[in-house]
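Trainee: Before we discuss this model, may I ask how each descriptive term is justified?
Mentor: Certainly; let us take the terms in turn.

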Amino acid sequence: MHITMIGGGYVGLVSGACLAAFGADVTVIEHDPTRLDRLKAGEVPIYEPGLEDLIAEQRQAERLTFSGNLAPALQKSRAVFIAVGTPTRRGSGHADLSYVHAAARAIAAHAPDNLLIVTKSTVPVGTGRQVAAIVRQARPELTFHIASNPEFLREGHAITDFMDPDRIIIGLEDISDTTSPARSLLEDLYAPLKEPKSRLLFMGLESAELTKYAANAFLAMKVTFANEMADLCEATGGNITDVTRGMGMDPRISAHFLTPGPGYGGSCFPKDTQALATSARQAGTPTQLIETTIAANEARKRRLAERVLTLAGDNIIHSTIAVLGLTFKAHTDDMRQAPSLTILPLLHEAGATLRVYDPQGMEAARKLLPEGITYAHSPLHAAEDADILLILTEWPEFIPITPAQLAPRMRGTLILDYRQIWQEKTWRDAGFRYHCLGMRH
Ligand code: UGA
């Protein structure tokens with residue numbers, strides 16, 4: 001089966017390569033000529049473990065191609081997936097649907113009869129029907145089908161998430177039609193999954209669109225809840241690790257997404273919580289929990305910067321702070337909405353000297369962080385002459401660092417571990433002032 005994937009970004013590349021691995025013939029359409037040239041040359045413009053190898057393998061098997069030309073790809077396709085960006089519109093919480101609408105118009109111009117049009121991008125409720133309306137208006141005579149198939153990929157784990165998903169959500173225009181071409185085509189496409197029947201969850205278009213937002217918003221809320229409990233533990237003498245372990249053993253709660261941190265970031269939670277809150281306000285049913293989650297997360301990033309300044313004392317303009325980790329989480333080079341983008345400018349403005357290190361995020365960070373920051377070539381290099389060491393991302397390569405390695409390099413002894421990657425006792429025994437989240441110090 002031939003399919004077209006519109007968008008050579010994160011979702012399009014991962015989904016395209018994985019569907020090719022499932023046996024489909026996939027053409028990924030990328031409109032940016034520079035990015036397209038890189039893709040054609042075998043370069044993968046994003047860091048995602050395993051993706052480069054998978055793309056190379058599928059291209060060699062001639063199941064995956066890249067093109068800038070939609071018409072010929074669509075002509076031989078039975079399905080087209082829209083996997084373009086839906087960023088937050090400037091000045092509002094709305095998702096910017098201009099790329100989705102442009103894709104719908106381009107599809108309408110070239111679609112063969114009986115094409116299935118699938119929205120894979122995260123789109124606000126109602127978008128699937130808008131796409132259908134755009135196509136219907138442009139080509140009233142065309143027979144086509146529409147579906148929503150949102151993605152639940154985590155950056156850093158996207159390939160396993162695609163190949164071994166908890167569930168595949170499929171929204172259809174008419175859920176009562178159990179033999180619709182849209183349903184059977186998507187069943188065929190996902191047939192190579194292990195136990196596909198139990199994983200495919202069919203529902204209406206609106207429900208599928210809402211499921212994606214509801215899942216991300218719930219997880220963002222869960223992380224924010226853990227962050228607030230961590231603050232309460234610090235104030236009252238509790239220990240967040242014990243509290244979340246105790247909570248998480250209840251299967252109704254589950255232990256996942258209860259690790260406190262400097263605030264959630266990335267390309268999804270911040271954008272999707274905003275978009276969901278906006279859709280809900282527009283629908284006349286505001287989601288107070290989500291609105292509060294967004295505000296609490298923003299405030300948290302600033303508060304954790306203030307904590308560094310408070311602990312540094314009056315001497316901040318003479319202090320050097322080593323920062324380990326810049327990306328919004330480990331295993332990605334993504335700096336979008338990373339807590340470091342709020343925290344580091346505040347420390348810089350206060351007069352601190354910053355020496356930072358991140359295994360993947362420094363190229364992007366240079367364009368986003370204030371001038372005058374030193375980019376180190378290793379964590380130990382960042383720590384040289386530092387008064388304070390601040391951990392913002394839980395990269396595995398930071399975990400084995402020992403007090404014996406840092407003591408001779410650092411000038412001071414204060415460590416702020418905002419990701420709980422080290423053991424308090426080890427550092428205290430070695431003479432460091434070790435602060436982590438969720439316990440009293
Ligand atoms: C998230 C969802 O987890 C995916 O299911 C979804 O498909 C994706 O968004 C998307 O919509 O495309 P991702 O943005 O890659 O995936 O990141 P997560 O691993 O979910 O982490 C989000 C943020 O929460 C990060 O800043 C992370 O550091 C933070 N977090 C997560 C915590 O602070 N504590 C936790 O316990 C878990």
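**Terms and their grounds**

Mentor: In the UniProt record, an unreviewed entry, residues 322–424 are listed as "domain: UDP-glucose/GDP-mannose dehydrogenase C-terminal". The model itself is predicted. Over residues 322–424 the chain is 26% helix and 17% strand, with the end C-alpha atoms 19 Å apart.

Trainee: What makes strand S9 and strand S12 a pair, and in which sense do they run, parallel or antiparallel?

Mentor: Two strands pair if there are at least two bridges between them. Strand S9 (residues 320–324) and strand S12 (residues 388–391) have four bridges, in the parallel sense, so they satisfy the criterion. As one example, the bridge partner of Leu 324 is Ile 391 in S12.

Trainee: In what order do the six strands of that open sheet follow one another, and why are strand S11 and strand S14 called edge strands?

Mentor: The order is S11-S10-S9-S12-S13-S14, with parallel pairing. Strand S11 (374–375) and strand S14 (433–436) each have a single partner strand, so one side of each lacks a neighbour in the sheet.

Trainee: What is the order of the sheet with eight strands, and how is its pairing described?

Mentor: That open sheet runs S3-S2-S1-S4-S5-S6-S7-S8, and its pairing is mixed. Its edges are strand S3 (64–67) and strand S8 (200–204); each has a single partner strand, so one side of each is left without a neighbour. Neighbouring strands of this sheet are turned by 25 degrees against each other on average, direction ignored.

Trainee: How do you know that strand S6 and strand S7 pair?

Mentor: Strand S6 (residues 144–148) and strand S7 (residues 168–172) share two bridges in the antiparallel sense. The criterion asks for at least two, so the pair qualifies. Ala 147 has Leu 172 in S7 as its bridge partner.

Trainee: Which residues of helix H13 and helix H14 meet, and what is the handedness of their crossing?

Mentor: The axes of H13 (residues 288–312) and H14 (residues 340–349) come within 8 Å and cross at roughly 35 degrees. The crossing is right-handed. Lys 301, Arg 302, Leu 304, Ala 305 and Val 308 in H13 meet Thr 342, Ile 343, Leu 346 and Leu 347 in H14. By class, this contact has six nonpolar, one polar and two charged residues.

Trainee: How many residues surround the ligand, and which are the closest?

Mentor: There are 20, the closest being Glu 155, Thr 259, Gly 261, Tyr 264 and Cys 268. Helix H10 (residues 205–236) supplies the largest share of this shell, three residues. By class, the shell has ten nonpolar, six polar and four charged residues.

Terms used
Residues numbered from 1 in each chain as written. Predicted model: local features only at pLDDT ≥ 70, side-chain atom pairs only at ≥ 80, totals over all residues. Near = placed C-beta within 6 Å. Nonpolar A, V, L, I, M, F, W, Y, C, P; charged D, E, K, R; others polar. Axes fitted to C-alpha atoms, helices over the stretch in contact; angles between N-to-C directions. UniProt positions renumbered as here; feature names shortened; annotations may be inferred. Left-handed = near helix turned anticlockwise from the far one by under 90°. Contact = placed C-beta atoms within 7 Å.
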